Amino acid sequence: MNLFMTKLIGWLLIFFGIFLMAIVAFVPALEDTIIAWFIAIPGFISMLAGYIVFLIFWKCPYCGKHLPWQMGLDFCPYCGGTLGE
Ligand SMILES: [Zn+2]
């Protein structure tokens, strides 16, 4: 998996998870219903999965070190390898 795909899949999972949990939080009709759990729990899992994708795949393809959580990273801060997308 390359860095672009890692970013895409990771953020998609995180935003999808937040979206699902926001539905439960902001739709009053769902309060105290079992449906709320069926939305909130997959939402939480999705967010966690996105985080795990970053933990596992957010690395420099050259030196294998974990990259910092930073937007617009063009070069690896450890080995100077080009990370351009
Ligand atoms: Zn590197």
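Taken at 1.5 Å a residue, the 24 residues of H1 should span 34 Å, and the end C-alpha atoms of H1 are indeed 34 Å apart, so the expected and the computed length agree. The model described here is predicted, and every value that follows should be read with that in mind. The second helix, H2, takes in residues 34–57, and for its 24 residues the same rise of 1.5 Å a residue gives an expected span of 34 Å, with which the 35 Å between its end C-alpha atoms agrees.

The table sets the two helices side by side.

| Helix | Expected span | End C-alpha distance | Source of the comparison |
|---|---|---|---|
| H1 | 34 Å | 34 Å | 24 residues at 1.5 Å a residue |
| H2 | 34 Å | 35 Å | 24 residues at 1.5 Å a residue |

**How the helices pack**

The axes of H1 and H2 come within 7 Å and cross at roughly 160°. Because angles over 145 degrees count as roughly antiparallel, H1 is roughly antiparallel to H2. The crossing of H1 and H2 is left-handed, and the contact of H1 with H2, sorted by class, has 21 nonpolar residues and 6 polar ones, with no charged residues.

Which residues of H1 are buried? They are Gly-10, Leu-13, Gly-17 and Leu-20, and the buried residues of H1 pack against H2. On the other helix, Gly-43, Ser-46, Gly-50 and Val-53 are the buried residues of H2, and what covers them includes H1, which runs over residues 3–26. In both helices these positions follow one another at short intervals, a pattern for which a general property of helices offers a reading: an α-helix has 3.6 residues a turn, so residues three or four places apart point the same way.

**A pair across the two helices**

Phe-15 has its place in helix H1, and Phe-15 is partly exposed, since 13 other C-beta atoms lie within 10 Å. Although Phe-15 and Ser-46 are 31 residues apart along the chain, their C-alpha atoms are separated by 8.6 Å; Ser-46 itself belongs to the buried residues of H2.

**The loop**

Where is Asp-32 found? Asp-32 is in the loop between H1 and H2, and Asp-32 has a positive phi of about 60° although it is not a glycine. That sign deserves a remark, for most residues other than glycine have a negative phi. Is Asp-32 buried or exposed? With 5 other C-beta atoms within 10 Å, Asp-32 is exposed.

How values were computed. Residues are numbered from 1 along each chain as its sequence is written. This is a predicted model: local features need pLDDT of at least 70, side-chain atom pairs count only at pLDDT 80 or more; totals for chains, interfaces and linings use all residues. Helices (H or I, at least four residues) and strands (E, at least two) are DSSP runs, numbered from the N terminus. The expected span of a helix is 1.5 Å times one less than its number of residues. A residue is buried if 20 or more other C-beta atoms lie within 10 Å of its own, exposed if 12 or fewer, and partly exposed in between; C-beta atoms are placed from the backbone. Two residues are in contact if their C-beta atoms, placed from the backbone, lie within 7 Å. Axes are lines fitted to C-alpha atoms, for helices over the stretch in contact, and angles run from 0 to 180 degrees between N-to-C directions. Angles under 35 degrees count as roughly parallel, over 145 as roughly antiparallel, 65 to 115 as roughly perpendicular and the rest as oblique. A crossing is left-handed if the near helix is turned anticlockwise from the far one by less than a right angle, and right-handed if clockwise. Ala, Val, Leu, Ile, Met, Phe, Trp, Tyr, Cys and Pro count as nonpolar, Asp, Glu, Lys and Arg as charged, and the others, Gly among them, as polar.
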